[in-house]
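Ready for some practice in reading a protein structure? Work through the exercises below, and try each one yourself before you look at the solution.

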Amino acid sequence: MKLRQHFLNEFKILWIILFFLLLISFLGQYSAFSGTLDGQVQKHLIRMIVGIAVMWCAYIVDFKIWSNLAYAFYAFSLISLMIVDLLGTVKLGAQRWIDLYFFTFQPSELMKLALILALARYYSMLSALETVDLKCHISPIFFTLLPVIWIAKQPDLGTAGLLLGTGFVMIFLTGFPQKIFTIVIISLMGLCPLGWFFLHDYQKNRILTFLAPDRDPLGAGYNILQSKIAIGSGHVWGRGFLQGTQSKLNFLPEKNTDFIFTTIAEESGFFGSLLVLCLFLALCGYFFWAASETRTKFSKLICYGLGTLIFLHVFVNIAMVIGLLPIVGIPLPFLSYGGSSMITFMISCGLVMSAVGQKKR
Amino acid sequence: MFDSNDPKNSIKLRAKTVFYAILILNLILIISLYRLQINNAEKYVLLSNRNRIRLSPILPKRGHIMTSDGKIIAGNICRYKLIMDRCSDQIFQKNMNILEQFINFSNEDIVSILDQRKRKLPAVVIKDGLSWNEYSRLSMILFKLKNVSLENIYVRNYTMPLEFGHIVGHTSKNSDSIPILVGKIGIESSLNDQLIGEIGNIQTEVNAVGQKVRILDSRDPIEGKDVILTIDTQIQKYVYDLLSAEKAGACVVLDISNGEVLAMVSVPTFNPNVISGKMTNSQWRSITGDPLFPLMNRAVSCSYPPGSIFKIIVAFAALSEGVVSAKDKILCTGGIKMDDRVFHCWNRAGHGRVDLYDALKFSCDCYFFEIAKKLGIDAIVEYAKKFGFGSKTGIELPSENVGLLPTKRWKFLRYGTSWKSYETMIAGIGQGALLATPMQLAVMLGKLYTEDYNFSPTLIKSAKKNQVTNPIHREHLDIIKNALYQVCIFGTASGSCRTDYGISGKTGSSQVRRIKPQEVGLNQKSIPWASRDHAFFVGCAPYKNPRYVVAVLVEHGGGGAAVAAPIARKIFDRLMKK
């Protein structure tokens with residue numbers, strides 16, 4: 001009883017943020033599915049409820065168990081990733097799913113949590129003095145690069161990039177020498193052009209399109225152009241709920257999943273986009289604040305890692321739909337249609353709550 | 001940089017750095033969104049609308065052209081068209097498989113359909129000009145087909161095309177993006193604004209694949225207004241039948257009580273149905289390449305030397321100016337010497353001593369040489385102008401010819417030489433540079449018999465009553481009218497125009513070139529067609545209460561009395577029976 005009251009009362013700010021995000025999520029999906037409460041919108045609602053249940057589960061699990069199971073979880077995720085290569089079904093040209101007959105899930109989603117847990121676990125064992133030594137960072141880098149390379153091979157550059165980013169931030173947080181960190185970042189940027197030769201044709205196309213969207217407005221540039229038209233035509237207050245012509249008339253690609261922000265921005269304008277951005281910033285800020293509320297290094301790192309993960313999702317997703325980044329398949333947390341992503345971020349919230357609630361137990 | 005002894009601080013400090021980075025990235029997003037949604041919103045709204053809104057015109061029904069007795073001579077008939085909106089290849093193939101059972105596609109049809117699909121037009125014309133049978137069968141199965149619709153468009157149809165070709169003219173499709181019919185010549189052209197109506201439109205919203213989703217807005221077209229002509233179908237047909245026996249010619253019939261044109265015929269004529277429809281190249285060449293220019297409306301768009309007809313004006317001018325009185329006699333010896341040249345009367349034997357009546361009756365050239373000399377060209381031009389020479393009659397047809405009224409000024413500007421006195425003499429008998437259209441000659445007589453300089457003809461029926469607004473001096477008119485009556489009783493036209501109701505008129509045989517000495521007295525039939533005189537007759541009837549004016553021109557017909565006057569007589573007879 002106490003636990004449940006705590007779950008509901010102690011995290012009022014988080015609940016408010018989540019409430020608005022889920023409300024926008026529902027309205028966005030309802031609109032993107034042409035204003036009908038059909039099976040798919042209901043499915044989305046069910047996922048939210050299941051998500052909150054999962055969040056509760058993540059919350060009640062003793063935080064030590066997370067710490068104890070971190071490596072095992074990481075290993076499980078990594079193996080799942082590899083199984084994808086052998087058994088996974090090809091969807092949209094990329095192998096990201098395992099068909100478990102009753103539902104499909106993306107091991108790469110699992111990997112995001114697993115990596116954060118594993119890194120947090122690893123660093124929680126080290127003192128700040130030890131982390132100054134470069135040698136101790138070798139295995140975390142290995143932890144990070146292993147799934148990153150694997151996922152990049154799938155090929156899913158977006159998720160790989162996100163994992164890489166999250167991993168780097170966590171390594172940076174724990175006291176990786178700043179100078180070397182900067183050098184690594186810069187040299188990685190320098191290596192990017194080399195990576196060109198390892199890309200698939202469609203990925204090259206996406207990058208070319210990103211650099212010059214007008215190159216082929218009916219072909220590869222179509223998505224970016226239509227997405228920009230939709231967002232731009234929203235103006236200040238938007239075209240009105242259910243009035244977005246770009247999404248209603250199917251000019252938008254993937255309007256329910258990766259491009260859900262486009263639908264929202266078209267119908268609610270700059271006001272709506274700003275609201276969504278602020279909610280995510282608040283959520284991220286909450287995670288960072290929660291870190292200072294916890295005692296152990298493990299829980300702090302979990303909070304920072306999850307906050308970074310969510311923000312990177314938001315940034316990459318929105319930057320790609322407004323043409324700042326090439327189109328890579330990154331969902332918008334809570335808002336995009338899809339079960340794996342919803343569950344992942346609900347668990348994230350549960351973990352943060354658990355980390356904060358740890359001291360009260 | 002940080003206190004490495006305090007791990008909590010170190011993480012917190014670095015977390016701060018990370019959070020600042022997050023804030024900066026967030027700011028980048030906000031700025032980008034601001035630029036997209038606030039700064040460039042208008043551009044994207046425009047692009048968004050262009051994506052989804054299709055504006056298609058709805059063509060109005062063109063107004064009818066009718067005769068005064070209510071016969072529609074230019075109407076619309078429906079043509080059926082099968083249209084398929086842009087759709088996927090699967091749907092297209094499925095549709096075509098069904099359609100093939102109902103329509104016979106020629107190879108050309110298939111090529112055109114595939115070509116239209118290749119060009120990704122929003123709508124493909126599958127078949128134009130379906131038969132009624134095909135149309136009705138297709139409308140039964142239309143529900144089975146996706147994206148297919150039947151459309152009916154109106155095309156112009158001319159009944160009595162040959163009789164009315166020059167009056168009505170023809171239409172052709174506008175070369176603009178909206179394929180509305182536009183009049184090209186005739187009434188179709190001059191009253192196009194009235195006939196055309198207003199184009200309506202329909203705004204439809206389409207989705208990403210170009211399928212119509214819903215109608216946003218529509219404006220109904222406004223049908224064109226009908227035009228009622230003053231032409232009498234029966235008279236027009238009668239005149240046409242008479243004139244079509246000739247190679248080339250024109251005729252104008254006026255009702256001078258209100259200026260209405262009862263008939264206007266020009267031969268050779270053309271078929272506007274052929275020109276308005278799908279015409280082959282050879283058909284078009286046969287029309288434009290014809291040496292007789294069938295597209296030319298000879299009644300208003302061609303001018304001829306009026307010849308002896310012009311003597312009416314000269315006689316009236318002479319009387320008005322007091323140069324001669326009606327009874328003054330002038331000796332005609334068959335010719336007159338001037339500047340070392342001899343100007344012959346058409347009757348080389350001479351008419352003897354003639355007064356004005358005789359001179360008009362027998363069309364004596366010498367008499368008019370003399371009085372023209374006395375009048376001078378300026379006076380002749382002044383009166384000719386009053387009777388409408390050298391200016392448009394204002395008939396509601398495009399490309400009306402103004403003819404030519406030569407003056408001293410015109411000669412100087414045209415040839416840079418001064419006016420010679422023999423030119424005045426030639427002008428006195430309506431030859432030389434002087435040119436007039438048959439319509440102008442009819443109107444001249446109309447002015448004379450309505451005793452109104454402002455008399456003008458019209459092709460459009462209106463309630464307007466002719467009121468005398470610019471009266472002509474009565475005294476001299478009566479002499480002229482009397483003389484013209486005598487022309488048809490005792491004079492040149494007495495052979496064909498002596499009737500109980502009384503025709504008054506004047507014949508004219510205008511030379512088209514100088515007569516060579518060896519040709520004097522030759523029968524016109526024995527010289528080549530293009531060298532023969534133009535045969536003119538203008539007349540008015542009945543003698544009491546003059547009502548109808550008829551002007552007949554037979555191009556290169558020979559003598560006016562022999563060729564034009566008999567035609568006019570028949571027309572007058574027909575008019576009197578009306």
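**Exercise 1.** Which residues does B:V239 touch, leaving out those up to four places away in sequence?

*Solution.* Bear in mind that this is a predicted model. Set aside the residues up to four places away in sequence, and B:V239 touches B:C251, B:V253, B:A263, B:V265 and B:I571.

**Exercise 2.** Find the largest nonpolar core and say which residues touch the most other members.

*Solution.* Start with the count: this core has 126 residues. Next, look for the members with the most contacts inside it: they are B:V239, B:C251, B:V253 and B:A564. Then ask which element gives the largest share: helix α21 (residues 560-577) of chain B, with nine residues. Finally, place the core: domain 2 (56-228) and domain 3 (233-280 + 297-577) of chain B both give residues to it, so it lies between them. Apart from this core lies another, of 110 residues, among them A:A32, A:L81, A:F259 and A:I330.

**Exercise 3.** Work out the strand order of the open sheet of five strands in chain B, and explain what is special about its edges.

*Solution.* Read across the sheet: the order is β12-β11-β19-β18-β17, with antiparallel pairing. Now go to the ends: β12 (260-267) and β17 (504-510) of chain B each have a single partner strand, so one side of each is left without a neighbour in the sheet. From one strand to the next, the twist averages 5 degrees.

**Exercise 4.** Describe how β11 and β12 of chain B pair, and what lies across them.

*Solution.* First, the pairing: β11 (residues 249-255) and β12 of chain B are antiparallel over seven bridges. Within this pair, B:V253 stands opposite B:A263. Then look across both strands: helix α9 (residues 233-243) of chain B lies there, running at about 25 degrees to β12(B).

How values were computed
Residues are numbered from 1 along each chain as its sequence is written. Chains are lettered from A and ligands numbered from 1 in the order in which they are written. This is a predicted model: local features need pLDDT of at least 70, side-chain atom pairs count only at pLDDT 80 or more; totals for chains, interfaces and linings use all residues. Two strands pair if DSSP finds at least two bridges between them. Helices (H or I, at least four residues) and strands (E, at least two) are DSSP runs, numbered from the N terminus. Axes are lines fitted to C-alpha atoms, for helices over the stretch in contact, and angles run from 0 to 180 degrees between N-to-C directions. Two residues are in contact if their C-beta atoms, placed from the backbone, lie within 7 Å. A nonpolar core is a set of buried Ala, Val, Leu, Ile, Met, Phe, Trp, Tyr and Cys residues joined through C-beta atoms within 7 Å. A residue is buried if 20 or more other C-beta atoms lie within 10 Å of its own, exposed if 12 or fewer, and partly exposed in between; C-beta atoms are placed from the backbone. Domain bounds come from an automatic or database domain assignment.
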